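Work through the exercises below with the structure open. Each task is followed by a solution in steps.

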Amino acid sequence: MEAARSQTGAFGQTEINWDKLDKTKFYVVGAGMFSGLTVALYPISVVKTRMQVASKDAVERSAFSVTRGLLKAEGIPGLYRGFGTVITGAVPTRIIFLTALETTKVAAFKMVEQLELSEPTEAAIANGIAGMTASLFSQAVFVPIDVVSQRLMVQGYSGHASYNGGLDVARQVLKSDGVRGLYRGFGLSVMTYSPSSAVWWASYGSSQRFIWRLLGHGTGSDQPPPGEGTIVAVQAAGGILAGATASCITTPLDTIKTRLQVMGHEKRPTARQVVKGLISDEGWTGFYRGLGPRFFSMSAWGTSMILAYEYLSKNTSFTVLL
């Protein structure tokens, strides 16, 4: 990553120097940390998915009622339906995403520097390009996992089919639709996660710089470097703002994508039919089903990933971008 463009004592966003980062530490320790995050946040994905596919006559439609129903019927295991499938693909997907993110970000920052824009704008563009590119690469691995895990999440719920594990889902999908079936909704996944990732990273980069300026650590500041606690607090605040922005913009696409991916073999509506059905049943508010859990998940995932960056970069190389 580029060194600070100004070295006048101002501290902005803490970034990783990818070229000098200890890759072994990053991948080995990072894999464990991200697996832990997946365990902690997975129930939120189950609840969000059930909210998005519930029929208009379903009794359980709020996050609270869905959670309560799962716990009553199945206990804690109910909140981890499809977890085995997700955790199997989570590590390679995250590694692909983070590798593409950091390597692209280096090139993106060099490119936008030539535009001589304001610093928050440059950060938003560079981080947005990196986030979108990383998401495009990771979708090739993620979409089949998403199709299988989401069917397991909603099996037996609101009229959806039941399966005997992830392999049974894959077998039935392959039997009815071939390999193409495992990539059902791929276009919408790219349209959902690439912009979502771009918006998240763009919002995160620009909001952090804005917060630092409010704290008096902008370019040209003569204040002493901020403490580690302040850095973590700013990173967390940036992650929450980024999660709110990205979830509000991309939740409608996520709802459509989820419905497409979990529909049974006998009925395969198009994206247009899903949209018409949602509007007919609930109006435009139907597109924002699961917004609360998705906002929480995106904020928590993003912020945790940034804090993991902070940990993994210890004793490697930090640079400060103003």
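**Exercise 1.** In which helix do Asp 254 and Lys 257 lie, and how many residues apart are they?

Solution. The model is predicted.
Step 1: Both residues belong to helix α8, which covers residues 228-262.
Step 2: Their spacing is three residues, about one turn of the helix.
Step 3: The two side chains form a salt bridge, with an N to O distance of 3.9 Å. This distance passes the test because the cut-off is within 4 Å.
Step 4: Asp 254 and Lys 257 are both buried.
Step 5: The pair is part of a salt-bridge network that also includes Lys 48, Asp 146 and Arg 294.

**Exercise 2.** Classify Glu 74 and Arg 81 as buried, partly exposed or exposed.

Solution.
Step 1: The limits needed are under 20% relative accessible area for buried and over 50% for exposed, with partly exposed in between.
Step 2: Glu 74 has 31% relative accessibility, so Glu 74 is partly exposed.
Step 3: Arg 81 has 18%, so Arg 81 is buried.
Step 4: These two side chains are joined by a salt bridge at 2.7 Å, N to O.

**Exercise 3.** Treat the pair Arg 289 and Glu 282 in the same manner, then state how many salt bridges the model has.

Solution.
Step 1: The N to O distance in the salt bridge between Arg 289 and Glu 282 is 2.1 Å.
Step 2: Arg 289 is buried because its relative accessibility is 8%.
Step 3: Glu 282, at 23%, is therefore partly exposed.
Step 4: The count for the model is seven salt bridges.

**Exercise 4.** Which residues form the nonpolar patch on the surface?

Solution.
Step 1: The patch consists of Met 111, Leu 115, Leu 117, Ile 125 and Ile 129.
Step 2: Together they have about 400 Å² of accessible area.
Step 3: Met 111 sits in helix α3, residues 83-113.
Step 4: Met 111 has a relative accessible area of 47%, so Met 111 is partly exposed.

**Exercise 5.** Which residues have the most contacts inside the largest nonpolar core, and which helix gives the most to this core?

Solution.
Step 1: The largest nonpolar core has 21 residues, and Phe 97, Leu 101, Trp 200 and Trp 201 have the most contacts inside it.
Step 2: Helices α1, α3, α4, α7, α8 and α10 each supply at least two of its residues.
Step 3: The most comes from α10, with five residues.
Step 4: Leaving aside residues up to four places away in sequence, Phe 97 touches several residues, including Gly 131, Ser 197, Trp 201 and Met 305.
Step 5: Another core, of 16 residues, lies apart from the largest one, and Ala 54, Phe 83, Ile 145 and Tyr 157 are among its members.

Notes:
Residues are numbered from 1 along each chain as its sequence is written. This is a predicted model: local features need pLDDT of at least 70, side-chain atom pairs count only at pLDDT 80 or more; totals for chains, interfaces and linings use all residues. Side-chain values use heavy atoms; hydrogens and water are left out. Buried means under 20% relative accessible area, exposed over 50%, partly exposed in between (1.4 Å probe, protein chains only). Helices (H or I, at least four residues) and strands (E, at least two) are DSSP runs, numbered from the N terminus. Patches are made of residues with over 30% relative accessible area and no salt bridge: like charges are joined within 9 Å, nonpolar side chains (Val, Leu, Ile, Met, Phe, Trp, Tyr) within 5 Å. Accessible areas come from the Shrake-Rupley method with a 1.4 Å probe; for residues, only the protein chains shown count as cover. A nonpolar core is a set of buried Ala, Val, Leu, Ile, Met, Phe, Trp, Tyr and Cys residues joined through side-chain atoms within 4.5 Å. Contact means heavy atoms within 4.5 Å.
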